[in-house]
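Hi everyone, thanks for coming. Let me show you the model I have been looking at, and then we can walk through it together.

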Amino acid sequence: MATLTLTVNGAARSVEVDPDTPLLYVLRNDLELTGTKFGCGLAQCGACTVLLAGRAVRSCVTPVSAVAGQAVTTIEGLGSPAQPDPVQAAFIAEQAAQCGYCTAGMVVAARALLEQNRKPTEADVKQALAGNLCRCGSHVRVIRAVLRAAAAMPAR
Ligand code: FES
Ligand code: FES
């Protein structure tokens, strides 16, 4: 066990864990940030996607020790029901979910795309989200939501 200090959603958080523990487990079990989901645990589905210094990473295969000193952002850190992030607002507007299990990972991955490319094409969105699986088949609405968010965000 070790005491690690993480920066999660802008706040310093100390946890006492085995350094090899997946970041996903620490987020959900130690920090009670349960918006990030466990899907496969094998980097295959994208449900556990979080931002690490603005990049999308799969927290199920990221050891918590690897993120010390870097900014971790989860779905909870993007926005709130009262003040949703533009991507969250677009997902709501397009009703881009069915069961919602994949949605946090989709939103976070979309946010990472828009950090890199503020005006993505539909092909760009499909490529960026290709590794985020949705067993409910909400992909068409997800793509529409990401394009809506891109249109709503200021150019850089
Ligand atoms: S739970 Fe991490 S990629 Fe599926
Ligand atoms: S909305 Fe159910 S898995 Fe995507």
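When I say contact, I mean heavy atoms within 4.5 Å. Helices (H or I, at least four residues) and strands (E, at least two) are DSSP runs, numbered from the N terminus. This is a predicted model, where local features need pLDDT of at least 70, side-chain atom pairs count only at pLDDT 80 or more, and totals for chains, interfaces and linings use all residues. Residues are numbered from 1 along each chain as its sequence is written, chains are lettered from A and ligands numbered from 1 in the order in which they are written, and side-chain values use heavy atoms, with hydrogens and water left out.

Let's begin with helix 3, residues 86–93. Which of its residues are buried, meaning under 20% relative accessible area with a 1.4 Å probe, protein chains only? They are V87, Q88, A90 and F91. These residues span an arc of only 160° around the axis, taken from the directions from the helix axis to the C-beta atoms, so they sit on the same side of helix 3. As a reminder, an α-helix has 3.6 residues a turn, so residues three or four places apart point the same way. And what covers those buried residues? The cover includes helix 2 (75–78), helix 4 and helix 6 (139–152).

Now the sheet. It is open, with 5 strands in the order 2-1-5-3-4 and mixed pairing; strands pair if DSSP finds at least two bridges between them. Strand 2 (11–17) and strand 4 (55–58) are at the edges with a single partner strand each, so one side of each has no neighbour in the sheet.

Technical notes: Buried < 20%, exposed > 50% of the residue type's maximum accessible area, 1.4 Å probe, protein only.
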